[in-house]
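The following exercises concern one protein chain. Please study the sequence and the structure before attempting each task.

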Amino acid sequence: MPTAPRRFPLWFPPVLALVLIALDQWLKAWAVGHLLLGADPIPVIPGLLDWELTYNTGAAWSMFSGSAGLLALGRLLVGLAILGYLLWKPQNRFLTVVLSLIAAGAVGNAIDGLRQGKVTDMIHSPLLSAVTEAINGSRFPIFNIADMCVVGGTLLLLVASFLPDAEQKKTAPET
């Protein structure tokens, strides 16, 4: 007998997104209050993680610099659309978490773009910079929690797209 996929309650995606957005906004406020723009990086985990304050008026790797307002509006619409989709059509637990991560990241950076015309970034990885410098001679971008949510959620979604669909196996008729 086929089993229904396990789902979270409808309140879960917006609550998860709100928690992640709050954490992102808190860390951005902390960075602005405790770090200096242009100062040397402050090691947190030497060789792996530094604090370094910067601002970005574009998207990843400063693409579309100077377009913070338009990007913020797009991010906000995408984030809210994803959350709306999860409320309208609930998904399995994995997809709910992954899409909530992406939505939270989009909204977290949209708040910055709409509020201040730039996104606050403060996390730097010397290890990732060493890799990108070896590949193309450029430093890995400084990022924030919202960026981690979008990139992490997108990577998980990509990896999952290559895995067999367990739900289809559970509900597939036996031959």
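**Exercise 1.** State the mean pLDDT of the protein chain and identify the elements with the lowest and the highest mean pLDDT.

*Solution.* The model is predicted. The mean pLDDT of the protein chain is 90, and 87% of its residues reach 70 or more. Among the elements, the lowest mean pLDDT, 52, belongs to helix 6 (residues 166-171), whereas helix 1 (residues 12-34) has the highest, 98. Where pLDDT is low, the predicted coordinates should not be read in detail.

**Exercise 2.** Determine which residues of the largest nonpolar core touch the most other members, and which elements supply at least two residues of this core.

*Solution.* The largest nonpolar core has 24 residues, of which L20, I82 and M122 touch the most other members. At least two residues of this core come from each of helix 1, helix 2 (68-88), helix 3 (93-116), strand 3 (119-124) and helix 5 (145-161). Consider next M122: residues up to four places away in sequence are not counted, and the residues it touches include L27, A31, W51 and F143.

**Exercise 3.** Describe the order of the strands in the open sheet, explain why strand 1 and strand 3 are edge strands, and locate the helix 1 contacts.

*Solution.* The open sheet has three strands in the order 1-2-3, with antiparallel pairing. Strand 1 (42-45) and strand 3 each have a single partner strand, so one side of each lacks a neighbour in the sheet. On average, neighbouring strands are turned by 35 degrees against each other, direction ignored. Strand 1 pairs with strand 2 (residues 49-56) over three bridges, and I45 has L49 of strand 2 as its bridge partner. Finally, helix 1 packs on the sheet and touches strand 2 and strand 3; the direction of helix 1 makes about 85 degrees with that of strand 3.

Definitions and conventions: Residues numbered from 1 in each chain as written. Predicted model: local features only at pLDDT ≥ 70, side-chain atom pairs only at ≥ 80, totals over all residues. Heavy atoms only, no water. pLDDT = per-residue confidence, 0-100. Helix = DSSP H or I, 4+ residues; strand = E, 2+ residues; numbered from the N terminus. Core = buried A, V, L, I, M, F, W, Y, C linked by side-chain atoms within 4.5 Å. Buried < 20%, exposed > 50% of the residue type's maximum accessible area, 1.4 Å probe, protein only. Contact = heavy atoms within 4.5 Å. Pairing = 2+ DSSP bridges. Axes fitted to C-alpha atoms, helices over the stretch in contact; angles between N-to-C directions.
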